[in-house]
Amino acid sequence: MKKKISVGITSILFASILSACAANTEEAEQEKNTEMNAGSEEKMENDHAEMDHANMDHSSSGEVPEGLKEAENPAYKVGSQAILETDHMEGMKGAKATIVGAYNTTAYVVTYTPTTGGDKVEGHKWVIHEEIKNAGEEPLEASSEVILEADHMEGMNGATAVIEAAEETTVYMVDYTPASGGEEVKNHKWVTESELSPE
C-alpha cells in the first residue's frame, strides 16, 4: 500500500514539474516573441526615419496649378522623348522620359519642414512660382520665406519654406520608368530644360 501511495505521489510530483517546465517554456517563448515583435517595430520606425525622399513615388494626377502657362516653343515637345540627367529620385538619372507637359515659369529650390513632422527637407527641386501661396507676378528672391501649395510629397502642402535659388526656365512634366527598375512614374513634377538631354 505504501508503495502504491509513494508511486502515486511521485507521479503527481513528476507531472507538476513537467507542467511547470512547460509553463516556463511557454512564457519564455512569449517573451522572445514580444522582444522580436518590438525589434521589428523598432526597425520599421528606424527604416521610416531613414527613408530618403528620393525613394518616394513622385507620380501625380497631372493637374497643373491655375495660371501656369504652356510653353509655346519648348526645346522638348509634348509627346517627344528625352533622357533624364538629374537624380531627384533614385533611378531617375539616365532614364528615358516622355514629355507630358512643358510650361514657362520660375522654378525654385526650397528648404522646408513637412507639416506632417520629421526632418527638414533641404534643397528640394523643384517648386514652381504658381505653387507658392500669394506669390504675386514677379519672381521671388532667394531667402524669401513662403508657404508652399505644392503636393509633390507628403507634408509639403501648407509648409513654410525658404527659397534657396530661383531659375526662370521651361519646366517639364514627364513620365518615365526608373533606370534601376520598378514601376513607371507618371506625371512627375518637375524637371527643367537643363536636366534633360536629347534621346
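The following exchange concerns a predicted model of a protein chain.

Reader: What makes up the protein chain, and in which order do its elements run?

Author: The protein chain holds one helix and eight strands. From the N terminus on, the order is α-β-β-β-β-β-β-β-β. Of its 199 residues, 35% are buried.

Reader: Why is histidine 124 called buried?

Author: A residue counts as buried when its relative accessible area is under 20%. Histidine 124 has a relative accessibility of 7%, and therefore it counts as buried. Its place is in strand 4, which covers residues 121-128.

Reader: What makes Tyr108 and His152 contacts of histidine 124?

Author: Contact means heavy atoms within 4.5 Å. With neighbours within four places in sequence left aside, histidine 124 is in contact with Tyr108, Val109, Val110, Tyr112, His152, Met153 and Met156.

Reader: What is known of the second largest pocket, and which residues are closest to its centre?

Author: The second largest pocket has a volume of about 360 Å³. Of the 18 residues that line this pocket, Gly67, Lys69, Thr105, His129 and Glu130 are the closest to its centre.

Reader: Which strands supply at least two residues each of that lining?

Author: Strand 1 (69-70), strand 3 (96-112) and strand 6 (160-176) each do so. Strand 3 gives the most, with three residues.

Reader: How do the residues of this lining divide into nonpolar, polar and charged?

Author: The lining of the second largest pocket has three nonpolar, eight polar and seven charged residues. Gly67 falls among the polar ones, because Gly counts as polar. Lys69 and Glu130 are charged, because Lys and Glu count as charged.

Terms used
Residues are numbered from 1 along each chain as its sequence is written. This is a predicted model: local features need pLDDT of at least 70, side-chain atom pairs count only at pLDDT 80 or more; totals for chains, interfaces and linings use all residues. Side-chain values use heavy atoms; hydrogens and water are left out. On a 1 Å grid over the protein atoms alone, a cavity is a set of points where a 1.4 Å probe fits but cannot get out, and a pocket is an open set with protein on both sides within 12 Å along at least five of seven lines; lining residues have an atom within 4 Å of a point. Grid points are joined across faces, edges and corners, and a volume is the space filled by probe spheres set on the points. Helices (H or I, at least four residues) and strands (E, at least two) are DSSP runs, numbered from the N terminus. Buried means under 20% relative accessible area, exposed over 50%, partly exposed in between (1.4 Å probe, protein chains only).
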